[in-house]
Amino acid sequence: MSEAGPVRMCAICRTRLLKANLLRHVRDSNGILILDEKQTRPGRGWYVCDNEKCREKFAKFKPGKSKAGRKSQRAR
């Protein structure tokens, strides 16, 4: 943790920023990603920076879904 506060990483571009400068999203009871404005909801959170491209990519983001063929390559 830095002196200015906790640091988190953008789920898309992997840039590390202060938690206060990122948007946090969590899954609701239906499994849909929703914005956690107060950053206090329980559960796994995904953080996204203010970059327009990151926000566009995050709109298509499906947490927990692995890319096709990814596991089979790691098993070797």
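Below is a short conversation about how the labels on this predicted model are earned.

User: What should I know about the model before we start?

Analyst: It's a predicted model, where local features need pLDDT of at least 70, side-chain atom pairs count only at pLDDT 80 or more, and totals for chains, interfaces and linings use all residues. Residues are numbered from 1 along each chain as its sequence is written, and side-chain values use heavy atoms, with hydrogens and water left out.

User: What makes up the fold, and how is a helix or strand called?

Analyst: The protein has two helices and five strands, in the order β-β-β-β-β-α-α along the sequence. Both kinds are DSSP runs numbered from the N terminus: H or I with at least four residues for a helix, E with at least two for a strand. Helix H1 covers 52-59, so it passes the cut-off of at least four residues.

User: Why is histidine 25 called buried?

Analyst: Buried means under 20% relative accessible area, exposed means over 50%, and partly exposed is in between, using a 1.4 Å probe and protein chains only. Histidine 25 comes out at 13%, so it's buried. It sits in strand S3 (residues 23-27). Beyond residues up to four places away in sequence, histidine 25 touches Leu33, Ile34, Leu35, Asp36, Arg44, Gly45, Trp46, Val48 and Phe58, where a contact means heavy atoms within 4.5 Å.

User: What makes glutamate 37 exposed, and where is it relative to histidine 25?

Analyst: Glutamate 37 has a relative accessible area of 70%, which is over 50%, so exposed is the right word. This residue is in the loop between S4 and S5. Its C-alpha atom and that of histidine 25 are separated by 8.2 Å, with the two residues twelve apart along the chain.

User: Why does cysteine 13 count as partly exposed?

Analyst: Its relative accessibility is 35%, which falls between the two cut-offs, so cysteine 13 is partly exposed. You'll find cysteine 13 in the loop between S1 and S2. Leaving aside neighbours within four places in sequence, cysteine 13 is in contact with Cys49 and Cys54. The C-alpha atoms of cysteine 13 and asparagine 51 are 9.0 Å apart, across 38 residues of chain.

User: And how do you know which class alanine 20 belongs to?

Analyst: Alanine 20 has 72% relative accessibility, so it clears the cut-off for exposed. Alanine 20 lies in the loop between S2 and S3. Its C-alpha atom is 9.7 Å from that of alanine 4, which is 16 residues away along the chain.

User: What makes a set of residues a nonpolar core, and which residues are in the largest one?

Analyst: The set must be buried Ala, Val, Leu, Ile, Met, Phe, Trp, Tyr and Cys residues joined through side-chain atoms within 4.5 Å. The largest one has nine: Cys10, Ala11, Leu22, Trp46, Tyr47, Val48, Cys49, Cys54 and Phe58. S5 and helix H1 each give two or more residues to this core, and the largest share, three residues, comes from S5. Alanine 11, one of the nine, touches Trp46 and Tyr47, not counting residues up to four places away in sequence. Across the protein, buried residues make up 21% of the 76.

User: Why is the largest open space called a pocket and not a cavity?

Analyst: Rolling a probe the size of a water molecule over the atoms shows where empty space is left. On a 1 Å grid over the protein atoms alone, a cavity is a set of points where a 1.4 Å probe fits but cannot get out; a pocket is an open set with protein on both sides within 12 Å along at least five of seven lines. The largest pocket has a volume of about 250 Å³, meaning the space filled by probe spheres set on the points, which are joined across faces, edges and corners.

User: How do you know which residues line the largest pocket?

Analyst: A lining residue has an atom within 4 Å of a point. Those of the largest pocket include Arg8, Met9, Arg14, Arg44, Trp46, Phe61 and Pro63. Strand S1 (7-9) and strand S5 (46-48) each give two or more residues to the lining.

User: What is notable about the backbone at arginine 14?

Analyst: Arginine 14 has a positive phi of about 65 degrees although it is not a glycine. Its place is in the loop between S1 and strand S2 (16-18).
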